[in-house]
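Hello,

Here is the structure I promised to pass on to you. Have a look at it first, and then read on for what turned up.

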Amino acid sequence: MATSTPPRTSVAAAATTVDAPPPSGGDRGFFGHPRGLATLFATEMWERFSFYGLRPLLVLFMAAALSDGGFGFSRDQASAIVGLYGFSVYIASLPGGWVADRLLGLQRAILTGACLITAGHLSIGVSGFAGAAGGKLPFFLGLILIVLGTGLLKPNISAIVGDLYPEGGARRDAGFSIFYMGINVGAFAGQLITGILGEKVGWHWGFGAAGVGMLAGLIVFAVTAPKTLRGIGATPSRHPDPAVHARQTRHARLGLGVGLGLLALVVALAATGAITIDAQAIGQYTVQITLVMVVAFFAFVFLAGGISGEERKRVAVIFVLFLFAIVFWGAFEQAPTSLNLFARDFTDRTIGGWEVPATWFQSINSAFVILLAPVFAGIWTALGRRDRDLSSPAKFAAGLALAGVGFALMIVAANRVVASGGTLLVSAWWLTGSYFFQTVGELCLSPVGLSSMTKLSPRKYVGQMMGIWFTASALGNLIGGLVGGHVDPEKLELMPQLFTRTTISLVAAAAVLALLAIPIRRMMTDVREA
């Protein structure tokens, strides 16, 4: 699940000044940490409850027949929509941080984001009363509002966590560990509660439960933030020159207005039938365009970025890690699509005569993260003390290989289903084992990727390189959605092919990166390894 959170990507100029947060050393009212951490922990926990509670229901709902209360979309289209949704959530973090920097400040960005997310869930809930045809507009409008709100809330709440600890150090790291625990607790609980309501009672009961969770987060933040955050992030960044600041604010408002106007135009054209949106085609074009933009960005940094030769080597390493991260996340983010559909259609979910909701399998990853994250932290620390720590590329390769093992299990399970003509329901242990290896792979790769971006990035490009890292996650969500529809009872032969291609991609990427690990480490000789 989300062991890390997109940071606020600041676009403020170096000369920009920000109100300094008050020292937190004397505030230890939350288990030895600032009381503001409790506010942020609870807000983020409920936001993740709503996000991960909603996400696995989407593909099941949209692909369900009209008679079952769904939209009756093809699985390809439903899965692609989920991929575009996940992609958009990650990408929205970039303008979300920019809006907070220029216009709103961190606290107002978080509050505005929480309001938009709550409104989005409300819109999705209302769609249930409008019927299959009339419900599509409020449903997709709700998804758009959630994307916009998450883009404002997600990166900026992480930024405030860091601002609670201006002194830095181990206490700050511990604070983030507590914060990340809230992410996974929310994700774990959200999928259990919304899953059973959505599948056993009614789709919109599950959607409504996710909305109630976000409403709880909104109330917690609105009521407690003024007291516990003590003005941290209350105002946007300000340039010391008032004229420059006024010009930057005007440009920011103009850019925001144009962006929202274009979005509203697209929504209006789609709602009136003036344009037809093909999610699969849009997703494929989006992957291509995003990759071209990323390559162009790296070319600019190399050729005109004003960096030294040593920094160019580090940027080259970042680009290599970015490409391999796309492979990993493209497999890992099949959880809400292909693996979710496999749980629903081809997995024996009966325990003592009661059928476990398919979406509950989505919580396995969060449970493993909660259990194993401290173990892996201890392993890396112990290896470091013995001067035997693995390099970042080696940990990346291990993560890819372990995820490959997880999908290799799914090849066996899928072939058993195909051999039976689609009549066999395989044991739940196949999916459980797959999620275990994927989670172990995630714990090898995700934290290391974050650490590598901060260590390798040229100082003046740190924020943008972090944005590049989360672009890999965004592309992974999109790719996972584009291929996720291949799990279909009417197209059984596609299922083992999908899992085989995924496994080969992961194992091949792990092998190539393992071969590159030594030369990459030489390029990083002056960078202290994590």
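E355 is partly exposed, at 38% relative accessibility. Its salt-bridge partner is R349, which is buried, with a relative accessibility of 7%. The closest N and O atoms of R349 and E355 are 3.5 Å apart. Elsewhere, salt bridges with shared partners tie R75, R344 and D345 into one network. Please keep in mind that this is a predicted model.

Within that network, the pair R344 and D345 has its closest N and O atoms 2.6 Å apart. Are these two residues buried or partly exposed? D345 has a relative accessibility of 18% and counts as buried, whereas R344, at 23%, counts as partly exposed. The cut-off for buried is under 20% relative accessible area, so the two partners fall on either side of it.

Another bridge you may want to look up joins E47 and R48, whose closest N and O atoms are 2.6 Å apart. Here E47 is buried, with a relative accessible area of 1%, and R48 is buried as well, at 4%. In total, the count comes to seven salt bridges. As a general reminder, side chains of opposite charge can pair when their charged atoms come close.

Next, helix α12. How enclosed is α12 by the rest of the structure? Of its 12 residues, 11 are buried, so the helix is largely enclosed. The buried residues include A335, P336, L339, F342 and F346, and polar ones such as T337, S338 and N340 are on that list too.

What does α12 pack against? One neighbour is helix α14, which covers residues 392-419. The axes of α12 (residues 335-346) and α14 come within 13 Å and cross at roughly 35°, and the crossing is left-handed. On the α12 side, the contacts are made by L339, F342 and F346. They meet F407, M410, A413, A414 and V417 of α14. L339, F342 and F346 are also among the buried residues of α12.

Now to the surface. Which residues make the nonpolar patch of about 750 Å²? They are L254, V258, L262, L265, V266, L269, I275, I277 and I282. Helix α9, residues 242-271, gives the largest share of this patch, with six residues. L265 is one of the patch residues and lies in α9. Its relative accessible area is 47%, so L265 is partly exposed; residues need over 30% to be taken into a patch.

Finally, two distances that may help you find your way around the fold. A367 sits in helix α13, which runs over residues 363-385, and is partly exposed, with a relative accessible area of 24%. Its C-alpha atom is 20 Å from that of R344, and the two are 23 residues apart along the chain. T500 belongs to helix α17, residues 494-523, and is partly exposed at 29% relative accessibility. Between T500 and A187 there are 29 Å from C-alpha to C-alpha, with a separation of 313 residues along the chain.

Happy viewing, and best wishes!

Terms used: Residues numbered from 1 in each chain as written. Predicted model: local features only at pLDDT ≥ 70, side-chain atom pairs only at ≥ 80, totals over all residues. Heavy atoms only, no water. Patch = residues over 30% accessible without salt bridge, like charges linked within 9 Å, V, L, I, M, F, W, Y side chains within 5 Å. Areas by Shrake-Rupley, 256 points an atom, 1.4 Å probe, with all protein chains shown as cover. Salt bridge = Lys/Arg side-chain N within 4 Å of Asp/Glu carboxyl O. Helix = DSSP H or I, 4+ residues; strand = E, 2+ residues; numbered from the N terminus. Buried < 20%, exposed > 50% of the residue type's maximum accessible area, 1.4 Å probe, protein only. Axes fitted to C-alpha atoms, helices over the stretch in contact; angles between N-to-C directions. Left-handed = near helix turned anticlockwise from the far one by under 90°. Contact = heavy atoms within 4.5 Å.
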